[in-house]
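You asked for a quick read of this one before we talk. Here are my notes, in the order I'd look at things.

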Amino acid sequence: MSDSLQGAAYFPSIEKKYGRPIAEWKDLIRTSPLTKHMELVSWLKSEHGLGRGHANALVAHTLAKDSAK
């Protein structure tokens, strides 16, 4: 899948809206004890105030990149 389909197209607006670089969000996702996609999305929404679309994009991209390693 292309990066845009994995959520990367949202990255500039995520950084602008929430004030953190994408690498920092990915580190948070990777260090979370949660492992399931929707658990991580819910966690980003509740603990960090992200919208559903932005949280979903970050989780999808991070998990896809990590599984490709």
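The points below go through one helix, the core, a helix pair and two residues.

1. First, a caveat: this is a predicted model. Please read everything below in that light.

2. Start with helix α2, which spans residues 22–31. Its buried residues are I22, W25, K26 and I29. They cover an arc of only 100° around the axis, so they sit on the same side of α2. Note that a lysine, K26, is on that buried list.

3. Now turn α2 around. The face pointing away from the buried side carries A23 and T31, both exposed. As for what lies over the buried residues, the cover includes α1 (11–18), α3 (37–48) and α4 (52–67).

4. Next, the core. The largest nonpolar core is made of 14 residues, and those with the most contacts inside it are I14, W25, L44, L50 and L58. Each of α1, α2, α3 and α4 supplies at least two residues to this core.

5. L44 is a handy one to click on. Setting aside neighbours within four places in sequence, L44 is in contact with W25, I29, G49, L50, A55 and V59. Two of the names there, W25 and I29, also appear among the buried residues of α2.

6. How do α2 and α4 pack against each other? Their axes are 10 Å apart and meet at an angle of about 70°. Since 65 to 115 degrees counts as roughly perpendicular, α2 and α4 are therefore roughly perpendicular to each other. On the α2 side the contact uses I22, W25, K26, I29 and R30, and on the α4 side L58, V59, H61, T62, K65 and D66. By class, that contact has five nonpolar, two polar and four charged residues, so don't picture it as purely greasy.

7. Is T62 buried or exposed? This α4 residue is buried, with a relative accessible area of 0%. Leaving out residues up to four places away in sequence, T62 touches K26, I29 and R30. Those three are also in the α2 list for the contact with α4.

8. Last, V59, another residue in helix α4. V59 counts as buried because its relative accessibility is 0%, and the cut-off for buried is under 20%. Beyond its neighbours within four places in sequence, V59 is in contact with I29, H37, L40, V41 and L44. The C-alpha atoms of V59 and W25 are 9.1 Å apart, although 34 residues separate the two along the chain.

Technical notes: Residues numbered from 1 in each chain as written. Predicted model: local features only at pLDDT ≥ 70, side-chain atom pairs only at ≥ 80, totals over all residues. Heavy atoms only, no water. Buried < 20%, exposed > 50% of the residue type's maximum accessible area, 1.4 Å probe, protein only. Helix = DSSP H or I, 4+ residues; strand = E, 2+ residues; numbered from the N terminus. Arc of directions from axis to C-beta. Contact = heavy atoms within 4.5 Å. Core = buried A, V, L, I, M, F, W, Y, C linked by side-chain atoms within 4.5 Å. Axes fitted to C-alpha atoms, helices over the stretch in contact; angles between N-to-C directions. Parallel < 35°, antiparallel > 145°, perpendicular 65-115°, else oblique. Nonpolar A, V, L, I, M, F, W, Y, C, P; charged D, E, K, R; others polar.
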